[in-house]
Amino acid sequence: VVVYANQTNGDSDGVVGTVSGTSISFGSIVQFEAAIASPLTAAYDASADKTLVVYGDAGNSDYGTSVVASVSGTSISFTSPSVFETYQPGLVKSVYDATAQQTFIAYQDYSASYIPVGQAISISGTTATFSAKTTLVSGTPSPFNLGYDPDNGKSVFVFQEYTPSTVGKASVISFGDLPLTTGTKYYVTT
């Protein structure tokens with residue numbers, strides 16, 4: 001599944017790509033948002049067999065919005081957009097946690113001095129349910145990203161910390177009883 005903001009048409013679309021050897025072919029393009037989606041991220045939920053798309057909706061005050069994509073063959077369809085935050089989410093990242101069978105998103109909270117927050121999302125049918133927000137780290141680290149360790153069955157939040165010094169750090173995300181929590185922040189070294 002490929003989702004993108006179509007700058008030419010001023011909308012946002014999705015399409016299914018099918019890989020054969022070293023070639024790829026695409027199905028029909030389907031609009032999921034009538035405005036530009038930015039920032040934009042997507043993650044495939046293997047337990048629900050759906051793709052969660054999270055973005056800022058330029059056509060609705062940049063509010064944090066989500067849609068759920070369903071794929072059948074080379075066709076794709078989307079649910080109607082649903083607002084999960086009434087402000088723009090900055091620098092959105094997502095990862096699917098196979099152990100928790102949930103998708104985790106991290107984004108800058110524009111209503112709280114750009115502090116990165118996280119939410120866990122469960123999909124049932126085509127309905128996405130968001131957990132309460134959790135602050136991932138104090139301050140305004142940027143950039144940051146998410147990853148999943150299949151060997152240990154854990155998701156990791158990696159970020160650049162500016163205080164007290166500009167260093168890379170990482171912490172393990174624990175789902176358990178929501179809201180989710182993050183563990184000790186460890187220095188990232190090479």
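**Stop 1: Tyr-44 and Asp-49**

Select Tyr-44 and Asp-49 and show their side chains. A polar contact of 2.6 Å joins the two side chains. Keep in mind that this is a predicted model.

Now colour strand 6, residues 37-45. Tyr-44 is found in this strand. Is Tyr-44 buried, exposed or partly exposed? With a relative accessibility of 44%, Tyr-44 counts as partly exposed, because the partly exposed class runs between 20% and 50%.

Next, show what surrounds Tyr-44. Leave aside the neighbours within four places in sequence. Tyr-44 is then in contact with Asp-49, Lys-50, Thr-51 and Tyr-96. Select Val-95 too. Val-95 is 51 residues from Tyr-44 along the chain, yet their C-alpha atoms are separated by 8.2 Å.

**Stop 2: a sheet of three strands**

Hide the side chains and switch to cartoon. Select strands 1, 2 and 5. They form an open sheet in the order 1-2-5, and the pairing is antiparallel. Which strands lie at the edges? Strand 1 (2-6) and strand 5 (30-33) do, each pairing on one side only. Look along the sheet to see the twist: from one strand to the next, it averages 35 degrees.

Zoom in on strand 2, residues 11-15, beside strand 5. Three bridges join these two strands in the antiparallel sense. Pick Gly-14 and look across to strand 5. Val-30 stands opposite.

**Stop 3: the salt bridges**

How many salt bridges does a search of the whole structure find? The search finds two. Start with Lys-133 and Glu-85. Their side chains meet in a salt bridge, 3.8 Å from N to O. Lys-133 lies in the loop between strand 14 (127-130) and strand 15 (134-135), and Glu-85 lies in strand 10 (residues 82-85), so the pair ties together parts that are 48 residues apart in sequence.

Turn on the surface and compare the two partners. Lys-133 is partly exposed, at a relative accessible area of 35%. Glu-85 is buried, at 11%.

Keep Lys-133 selected and add Asp-109. Here the side chains of Asp-109 and Lys-133 meet in a salt bridge of 3.0 Å, N to O. Asp-109 sits in strand 12 (residues 102-109) and Lys-133 in the loop between strand 14 and strand 15, so this pair ties together parts that are 24 residues apart in sequence. Asp-109 has 4% relative accessibility and therefore counts as buried.

Now show the three residues together. Glu-85, Asp-109 and Lys-133 are linked in a network of salt bridges.

**Stop 4: the aromatic rings**

Hide the charged residues and show the aromatic ones. The structure holds seven aromatic pairs. Select Phe-32 and Phe-78. Their ring centres are 5.2 Å apart and their planes are at 45 degrees, so the pair is tilted. This pair links distant parts of the chain: Phe-32 is in strand 5 and Phe-78 in strand 9 (residues 75-78), 46 residues apart. Both Phe-32 and Phe-78 are buried.

Move to Phe-157 and Phe-159. Why does this pair count as stacked? The ring centres are 5.1 Å apart and the planes are at 20 degrees, so the pair is stacked. Phe-157 and Phe-159 are both buried.

For the last view, return to Phe-32 and Phe-78 and add Tyr-55. Ring pairs link Phe-32, Tyr-55 and Phe-78 into a cluster.

Definitions and conventions:
Residues are numbered from 1 along each chain as its sequence is written. This is a predicted model: local features need pLDDT of at least 70, side-chain atom pairs count only at pLDDT 80 or more; totals for chains, interfaces and linings use all residues. Side-chain values use heavy atoms; hydrogens and water are left out. Helices (H or I, at least four residues) and strands (E, at least two) are DSSP runs, numbered from the N terminus. Buried means under 20% relative accessible area, exposed over 50%, partly exposed in between (1.4 Å probe, protein chains only). Contact means heavy atoms within 4.5 Å. A polar contact is a pair of N or O atoms within 3.5 Å; within protein, one must be able to donate a hydrogen and the other to accept it, and residues adjacent in sequence count only if both atoms are side-chain atoms. Two strands pair if DSSP finds at least two bridges between them. Axes are lines fitted to C-alpha atoms, for helices over the stretch in contact, and angles run from 0 to 180 degrees between N-to-C directions. A salt bridge is a side-chain nitrogen of Lys or Arg within 4 Å of a carboxyl oxygen of Asp or Glu. Rings of Phe, Tyr and Trp (its six-membered ring) pair if their centres lie within 6.5 Å; planes under 30 degrees apart count as stacked, over 60 as edge-to-face and the rest as tilted.
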